[in-house]
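Colleague: Could you walk me through this one? I'd like to start with the helices and then move on to how the chains meet.

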Protein chains: 2
Amino acid sequence: MIERHIARLRARHSISGAEEQAIRGLVSETRRVAKQTVLIREGALLDSSTLLLDGLLCRYKDMEEGRRQITELHLPGDFADLHSFTLKRLDHNILAMSDSLLATVPHERIQRLINDHPRLGRIYWFSTNLDAAIHREWVLSLGTRGAAERTATLFCELQVRIGLIDGTSPKEFMLRMSQSELAECLGITPIHVNRTLARLREEKLMSFRHNRAEIYDLAGLRRLADFDDGYLYLDPEPL
Amino acid sequence: MIERHIARLRARHSISGAEEQAIRGLVSETRRVAKQTVLIREGALLDSSTLLLDGLLCRYKDMEEGRRQITELHLPGDFADLHSFTLKRLDHNILAMSDSLLATVPHERIQRLINDHPRLGRIYWFSTNLDAAIHREWVLSLGTRGAAERTATLFCELQVRIGLIDGTSPKEFMLRMSQSELAECLGITPIHVNRTLARLREEKLMSFRHNRAEIYDLAGLRRLADFDDGYLYLDPEPL
DNA sequence: CGTCTCGTTGAGAATTATCAAGGTGCGTGG
DNA sequence: CCACGCACCTTGATAATTCTCAACGAGACG
């Protein structure tokens with residue numbers, strides 16, 4: 001299952017055979033968690049990071065009276081909290097949005113990997129900076145785009161990121177989240193998400209039903225979103 | 001002028017004398033830039049990072065037809081683009097919002113510092129992860145808070161961050177930006193910023209006039225913002 | 001003294017939120 | 001197999017927030 005993590009890295013960096021072997025050594029025990037399990041709570045002291053092998057995770061921040069903001073979605077192959085390697089405690093929670101398969105990677109094991117392969121240290125540092133780039137795009141979306149444009153942007157992002165781990169440009173993909181959870185990503189109410197999805201469907205751009213996104217018109221969706229994939233850093237960098 | 005960078009680091013990590021000397025060695029030439037200078041353009045290939053010694057910088061992303069979203073503000077002592085050390089090109093622009101004094105630090109010099117002092121590598125990695133934590137708080141603000149709460153949050157953040165570099169908890173501070181630029185941080189229109197600031201003034205929480213923020217009631221402002229400084233990682237971590 | 005940027009105010013429009021009520025699909029247990 | 005409950009989705013009507021357009025005021029500076 002770690003193949004998807006390797007694929008995600010290889011989308012942006014060359015990884016040698018020796019490095020790949022070392023990365024594979026990160027994962028030993030894996031565990032399954034049920035959807036809606038809170039994996040990590042804000043402020044807890046951590047000495048390991050969580051690699052998502054299969055399923056869907058998110059980072060979210062709590063507000064008073066049950067309001068939440070999801071700040072990032074994590075797909076298979078992502079480390080959900082690699083930043084805990086340096087931060088030690090997180091400023092947000094991590095939740096399994098679907099039944100998921102995880103690997104727990106102790107920080108000391110990451111430290112050893114980096115010591116043995118300094119270039120991988122740079123690559124994992126890059127990876128946390130890529131999360132920050134995604135945060136910035138969300139800031140842009142939340143700050144400047146309307147509900148439909150925002151929604152389109154999110155699905156454009158997910159379409160690319162899901163494509164990376166299986167090397168395709170999917171016309172459809174599963175996304176195990178409800179309209180309410182989508183609303184928590186987009187900073188709008190669930191009701192408004194519903195109306196927005198209806199509009200995107202009417203305009204024949206995409207649909208999202210029963211946990212399945214179907215992109216009817218990728219170019220049109222990207223045009224609506226004013227989507228530029230630069231923030232996903234898809235061009236392999238020498239490093 | 002690099003004292004403020006050291007102070008900013010020391011707010012979160014212990015720094016030995018040897019490490020401090022090595023950090024001081026990062027800076028040789030400095031340069032002044034006039035306000036409104038775009039220092040770095042999205043997509044440009046970089047081989048150095050910019051340390052802000054004095055002034056005010058921001059990261060911003062462009063939208064069509066002149067709209068912009070500021071994604072982070074940088075105060076003296078901050079690296080504005082340490083993430084370019086791994087990303088090599090940025091997904092956003094960097095602008096001097098006021099006349100500023102900068103140091104340009106070549107990436108190879110950072111690499112040498114990290115090789116000689118691996119612990120500083122962790123600390124600078126932490127620093128980019130702290131930027132990401134600030135992004136997350138902005139995502140939370142933009143996604144869930146109304147205009148007044150959002151504005152209050154931003155000033156609470158700046159009050160803390162400015163305090164860090166001179167070891168105080170300032171009741172007032174200079175912030176060389178216009179209401180329009182504030183609007184670009186907050187994702188609301190300049191007109192609405194104006195009304196929001198008027199409201200905060202009426203409620204005797206704070207004022208912002210002539211580039212000067214004055215906090216009348218820090219506790220009240222924090223209450224309005226529902227401000228929790230956890231995301232600024234103020235407790236020194238062992239690391 | 002004119003000009004320019006920035007801040008202020010008012011009125012009306014657009015977007016999104018809230019409240020309320022059904023509808024749909026699906027698993028569970030009678 | 002059907003009935004029920006439950007979570008999620010859908011729709012309508014109204015309210016709150018924020019935006020847009022327009023005009024005017026204040027301060028800085030040549």
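**Helix packing and chain contacts**

Modeller: In this predicted model, helix α7 (residues 179-186) of chain A and helix α8 (residues 190-202) of chain A have axes that come within 8 Å and cross at roughly 100°. Because angles of 65 to 115 degrees count as roughly perpendicular, α7(A) is roughly perpendicular to α8(A).

Colleague: Which residues in α7(A) and α8(A) meet?

Modeller: From α7(A) there are A:Gln179, A:Ser180, A:Leu182, A:Ala183 and A:Leu186, and these meet A:Pro190, A:Val193, A:Asn194 and A:Leu197 in α8(A). Sorted by class, the contact of α7(A) with α8(A) has six nonpolar and three polar residues, with no charged residues.

Colleague: Is there a UniProt annotation, and what does it cover on chain A?

Modeller: The unreviewed UniProt entry carries the annotation "domain: HTH crp-type", which covers residues 145-219 of chain A. In the model, that span is 57% helix and 15% strand, and its end C-alpha atoms lie 18 Å apart.

Colleague: Over to chain B, then: at what angle do α7 and α8 of chain B pack?

Modeller: Helix α7 (residues 179-186) of chain B packs against helix α8 (residues 190-202) of chain B at an angle of about 100°, their axes being 8 Å apart, which makes α7(B) roughly perpendicular to α8(B). The contact brings B:Gln179, B:Ser180, B:Leu182, B:Ala183 and B:Leu186 of α7(B) up against B:Pro190, B:Val193, B:Asn194 and B:Leu197 of α8(B), and these residues divide into six nonpolar, three polar and no charged.

Colleague: New topic: how many residues of chain B and chain A are in contact?

Modeller: There are 51 residues of chain B in contact with 51 residues of chain A, and the two chains bury about 4500 Å² between them, with 58% of that area on carbon and sulfur atoms.

Colleague: And how many salt bridges are found across that interface?

Modeller: The rule finds six salt bridges across the interface of chain B and chain A. B:Lys61, for example, forms a salt bridge with A:Glu137, and the closest N and O atoms of that pair are 2.8 Å apart.

Colleague: What about the whole structure, how many salt bridges over all chains?

Modeller: The search finds 38 over all chains, and one salt bridge within chain A joins the side chains of A:Glu20 and A:Arg10, at 2.9 Å from N to O. A:Glu20 lies in helix α2 (residues 17-24) of chain A and A:Arg10 in helix α1 (residues 3-10) of chain A, so this pair ties together parts that are 10 residues apart in sequence.

Terms used:
Residues are numbered from 1 along each chain as its sequence is written. Chains are lettered from A and ligands numbered from 1 in the order in which they are written. This is a predicted model: local features need pLDDT of at least 70, side-chain atom pairs count only at pLDDT 80 or more; totals for chains, interfaces and linings use all residues. Side-chain values use heavy atoms; hydrogens and water are left out. Axes are lines fitted to C-alpha atoms, for helices over the stretch in contact, and angles run from 0 to 180 degrees between N-to-C directions. Helices (H or I, at least four residues) and strands (E, at least two) are DSSP runs, numbered from the N terminus. Angles under 35 degrees count as roughly parallel, over 145 as roughly antiparallel, 65 to 115 as roughly perpendicular and the rest as oblique. Contact means heavy atoms within 4.5 Å. Ala, Val, Leu, Ile, Met, Phe, Trp, Tyr, Cys and Pro count as nonpolar, Asp, Glu, Lys and Arg as charged, and the others, Gly among them, as polar. UniProt positions are given in the numbering used here, feature names are shortened, and annotations may be inferred rather than shown by experiment. Buried area is the accessible area (1.4 Å probe) that two parts lose on being put together, summed over both. A salt bridge is a side-chain nitrogen of Lys or Arg within 4 Å of a carboxyl oxygen of Asp or Glu.
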